[in-house]
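Visitor: Could you take me on a close look at one part of this model, the charged side chains and how they pair? I would be glad if you then carried on to whatever else stands out.

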Amino acid sequence: MPKKYNISVKTTPPRFFPVGKYTTVEFREDCAGSCRECVKKKCIYGIFKENYLHMLSMHDPEYIYNCQSCLRCVQECTKGIFSRVINPEYRELGDEYWNADIIHRTGVQAHTGQVPVSGSGYRGPFVGEGFDSMWTDMSEIVRPTRDGIHGREYINTCIELSRRPRRLKFNKDMSLAVDAPPIFEVPVPVLFRQPDFGVLSNNVLMSIADAAHKINTMMFIRPEDYSEALAPYSDNLIPMLTKDNYREFTDLIQKSRMIEIAFKPGIENEIDKLRSLKEGLFISVGMPLNADAASRSLELAKADVDTLHFYADNHGRETDSENPRFIKEMIREVHLKLVDNSIRLKVNLVFSGGIAMAEHVAKAIICGADGVTVDNSLLIALECRMCYRCRQGLSCPVKLEDVELEYGSQRIVNLMGAWRNQLLEVMGAMGLREARRLRGEVGRSMWFEDLEKENFGPIFGEKKVS
Amino acid sequence: MSDKKKNFKLPKGVETPSRFRNTIGKYTIKRSSACISCGLCAELCPYGVHQRYDNYSNPIRPKDHKCIGFKCKENDFFCVDRCPQQALTLRLNPILDTMGDYRWPAEMLLAHFEMAETGDLPKVDLEYDLGNSGGGFDKIRFKTADPKNYIDISDEDIDTSVNLNKTGDGRPEIVISIPCYGGGMSYGSTALSVMTGRARAAERLNTLTCTGEGGYPSELVPYKDHVITQVATGLFAVREETIQYAPVVEFKYAQGAKPGLGGHLLGEKVTPEVAAMRETVVGSSLFSPFPFHSVYSVEDHKKHVDWMKRISPRILVSVKVSTPTDVDMVAVGAYYAGAHIIHIDGSYGGTGAAPDIAKKNIAMPIEYAIPKVHKFLLEEGARDKICLIASGGIRNAMDVAKAIALGADGVVIGTAEIVALECIRCTNCESGRGCARGIATTDPELSKMTTEEWNEQRIVNMYLAWRKQWCGILRSFGMKSIKELVGRTDLLVHLDYLDEDERVKYQPAPQKKMII
């Protein structure tokens, strides 16, 4: 039996104190000074233990990060000198999609490699936009769940990036009468993509490539950023080429297992030429996720392509549209177009843009993707705060340029370890043991509009507000 | 029914102040050093914000949480205006920004602290009926009642009881006096004083509480008539006698906090006592298996039910499931297998440690599941033969009433009970030494932060306050019993399903962006 796939995580603390959510405020002039009951000494998380450091050496106070907001110091101080505020910097973190909560959680997962666990039930809004308007199903009694997370049952998260024959034919001696294309598997449905902003120093790219190598997934990378130092990872790199420039990168193609070529009308005709450059080369075609994506995907699926890779924008929205739809609806459109034309099984669909949390992976697959790519989350794992200062040529507050390979790679591995375990939780609850079985399985999901219509419709009538 | 139960009378609320010296209020009132300790404010304030003891003449820090705020300005006892030294300042308390979340906003937390302290509804203008979640219960309202229907009867004459056995199978008809019982929180997840406090409160209120899956500590035996024994996948300390103690046995097939996953007790909370109870190893995390590996069909499930019924002739069987798409089928299956209670646990609730991804994403919210199951049981002709209990994200008295109007007979409450014990939902129940506020912890020091008497009275107080709200609703609709409210969806409206001119007649759903 082959060894079970496992992502090996290791605690890797951040280099800088992350932007904390809360901070206590003290009105020191009211302090009794020597009441002997000082709550700072009693904090059960010990957050004031090294309080003197930031006084001495102008460090950020660590309790901004470590405060767990139990409010005991506020409520127990004999003089009531404490209050608490939300760190103004935390409020400003990220943007409306990559919000402070996502940045904070991603950071914690990259630190610990653990699934985020907390008590006291759910704290968020009832329903939200995008992926937040669907729930995943669970199994009860007659459809058994799978006990995957602690390894008691094996759940396979592997997907393929290679094309499949549409039908098999056999000779009389039962040997295959058709050419079966080679199979290319990755053990997780998450691929990496070079982010389109950020301090993409050699160290950062190396860290991402090394992490891809360690967990055996693939990384999409611009060929101009390909350096000698990345050569050892060439098996895990997918250079993103174009029709015009691929001839300049024939060396690179020779080194790669898989390449991507950007969509252009007539690109189908280039596929054979590319294949002739290297035997067994896997080819993905990259294209924007816009209104034409579904019809294009049908054309390309008929050609000899392995994988179709669609790019939504940074917030997971359709591109080239004034009224963009969210990636979840777009995945449905492309997937169903291929299903309706009975060609879905031939190609693989990978989607990029807006994949920010582990649940997005599961939900994208339910909508019909084979796999997804992560981009900004890789930077956030390396402590990026999504402040976009680098876009203006300003310095990076967390010195991404100085990231060390071992640290950076382990942080990304940790994040993926945590994500994969969360995927196992969700799949286990659904009773699925194969990520490939999850693809397009909308029957194992519940959608806000449907639930409202089915359960509230008969009671409250027609919905007047969407 | 025993004589004790026949003559049952609801207890009285007893003032049970906070454990903490600095209480948190919606308003904060500060006294400056200009104070000359004349004591006028203490004489004036009828709410007890300013306190003064005969043998102590220095000014004492005001009790912020009692202050009714700016509306007091109209009163001639408004302390800020009357203070001869202008030493008092009244402000909105900025700390509220940092408390609570979309489901339990700060004001709902503070109001429940107040109810648990006084046994009455808060006098401060706090919003405790609606959360900020922007959907589900927070958008459902009771229709404005026709004043003609109002009946003028006292709370004592209103029946809020629920019969848990409607099957007529000869087993006891257990009647609980409020439409709520306590959810399972295991030995190991909460402090022992919390468990016993909840059990004592259940006895006082003539309702039930539940052991959770972590075993049956001997300290609960004195209250055994009010303690449900939970049989969960870990089967910790499920023994013949613990089944025989119980009036109701609950099979936990799934739980709303983490639907589709087994119970979690992280290593740090597995102390020697907890490990001994569960017959496991100290410090080793306990992830209960999932599912019951002995149940893969409704027939297997019936075997479970029969097994329990054989062990004790007096017990009722409750089947706790979560809310998958086919929750209605599961409920009917449970009925045909001979269960007395079908308990559906929605996905937004729970108290225990759970992966965040599960809490947010797996299974449907209870607001959808209740009408779904209720309708299906009606169509199957089984509704009047089984008790439908809902839980998971039912936060306050109005949520309880809405859940009942949607079709449940009663509800199970977990979070609100621990909020009554001053949980502020910081969600760190599972890590390190556990709850910093001494509720969900097994740490030898922290678990001594509360006493069982205090816990008991706080929970009793909260339910007494809730009951006042239920009685108010029932009276306004001309009902004498909460049973009349079951399934009355015609009394409910949902804001999103109303025309604009109708919608403005109802309180809008709070919508505030929060940092959580």
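Guide: Let's begin with Glu359(A), which counts as buried because its relative accessibility is 5%. In this predicted model, the side chain of Glu359(A) meets that of Lys360(B) in a salt bridge, with 2.8 Å from N to O. This pair crosses between chains: Lys360(B) sits in helix 10 (residues 356-361) of chain B, and Glu359(A) in helix 12 (residues 358-367) of chain A. Lys360(B) is buried too, at a relative accessible area of 16%. The cut-off for buried is under 20%, so the 16% of Lys360(B) falls on the buried side. As a general point, side chains of opposite charge can pair when their charged atoms come close.

Now stay with chain B for another pair. Arg200(B) forms a salt bridge with Glu456(B), and their closest N and O atoms are 2.6 Å apart. Here distant parts of the chain are linked: Arg200(B) belongs to helix 5 (residues 192-204) of chain B and Glu456(B) to helix 14 (residues 452-476) of chain B, with their positions 256 residues apart. Glu456(B) is buried, with a relative accessible area of 7%. Salt bridges can also share partners, and in chain A they join Glu160(A), Arg164(A), Glu185(A), Glu434(A) and Arg436(A) into one network.

For a pair within one helix, turn to Asp101(A) and Arg105(A), whose side chains meet in a salt bridge of 3.1 Å, N to O. Asp101(A) and Arg105(A) are separated by about one helical turn, because they are four residues apart in helix 6 (residues 100-112) of chain A. Arg105(A) counts as partly exposed, at 25% relative accessibility. If you would like the overall tally, a search of the whole structure finds 69 salt bridges over all chains.

Next come charges that gather in surface patches. Lys79(A), Arg21(B), Lys30(B), Arg61(B) and Arg91(B) form a patch of positive charge on the surface. One of them, Arg91(B), lies in strand 2 (residues 88-92) of chain B and is partly exposed, with a relative accessible area of 47%. Patch members need over 30% relative accessible area and no salt bridge, so the 47% of Arg91(B) clears the area cut-off. The patch of negative charge consists of Glu401(A), Asp402(A), Glu404(A) and Glu406(A). Within this group, Glu401(A) is placed in the loop between helix 13 (376-381) and helix 14 (405-430) of chain A. Glu401(A) is partly exposed, its relative accessible area being 34%, and it therefore also passes the cut-off of over 30%.

Let me step back to the layout of the chains. The domain assignment of chain A gives domain 1 (22-91) and domain 2 (159-450), and the C-alpha centres of these two domains of chain A lie 45 Å apart. Chain B is divided into domain 1 (27-92) and domain 2 (155-486), with 43 Å between the C-alpha centres of its two domains.

A contact in chain A is worth a look as well. Tyr5(A) lies in the segment before strand 1 (22-26) of chain A. The C-alpha atoms of Tyr5(A) and Cys158(A) are separated by 9.3 Å, while the two residues are 153 residues apart along the chain. Tyr5(A) counts as buried, at 18% relative accessibility.

Finally, some backbone details. The peptide bond from Phe290(B) to Pro291(B) is cis, with omega near 0°. Pro291(B) is in the loop between strand 11 (286-287) and helix 8 (298-311) of chain B. In chain A, Leu71(A) has a phi near 70°, a positive value in a residue other than glycine. Leu71(A) occupies the loop between helix 3 (63-66) and helix 4 (72-76) of chain A, and it counts as buried because its relative accessibility is 2%. Asp320(A) has a positive phi as well, about 55°, although it is not a glycine. The place of Asp320(A) is the loop between strand 12 (307-311) and helix 11 (327-340) of chain A. Whereas Leu71(A) is buried, Asp320(A) is exposed, with a relative accessible area of 65%.

Terms used
Residues numbered from 1 in each chain as written. Chains lettered and ligands numbered in written order. Predicted model: local features only at pLDDT ≥ 70, side-chain atom pairs only at ≥ 80, totals over all residues. Heavy atoms only, no water. Patch = residues over 30% accessible without salt bridge, like charges linked within 9 Å, V, L, I, M, F, W, Y side chains within 5 Å. Areas by Shrake-Rupley, 256 points an atom, 1.4 Å probe, with all protein chains shown as cover. Salt bridge = Lys/Arg side-chain N within 4 Å of Asp/Glu carboxyl O. Lys, Arg positive; Asp, Glu negative; His and termini not counted. Charge placed at Lys NZ, Arg CZ, Asp CG, Glu CD. Helix = DSSP H or I, 4+ residues; strand = E, 2+ residues; numbered from the N terminus. Buried < 20%, exposed > 50% of the residue type's maximum accessible area, 1.4 Å probe, protein only. Domains from an automatic or database assignment.
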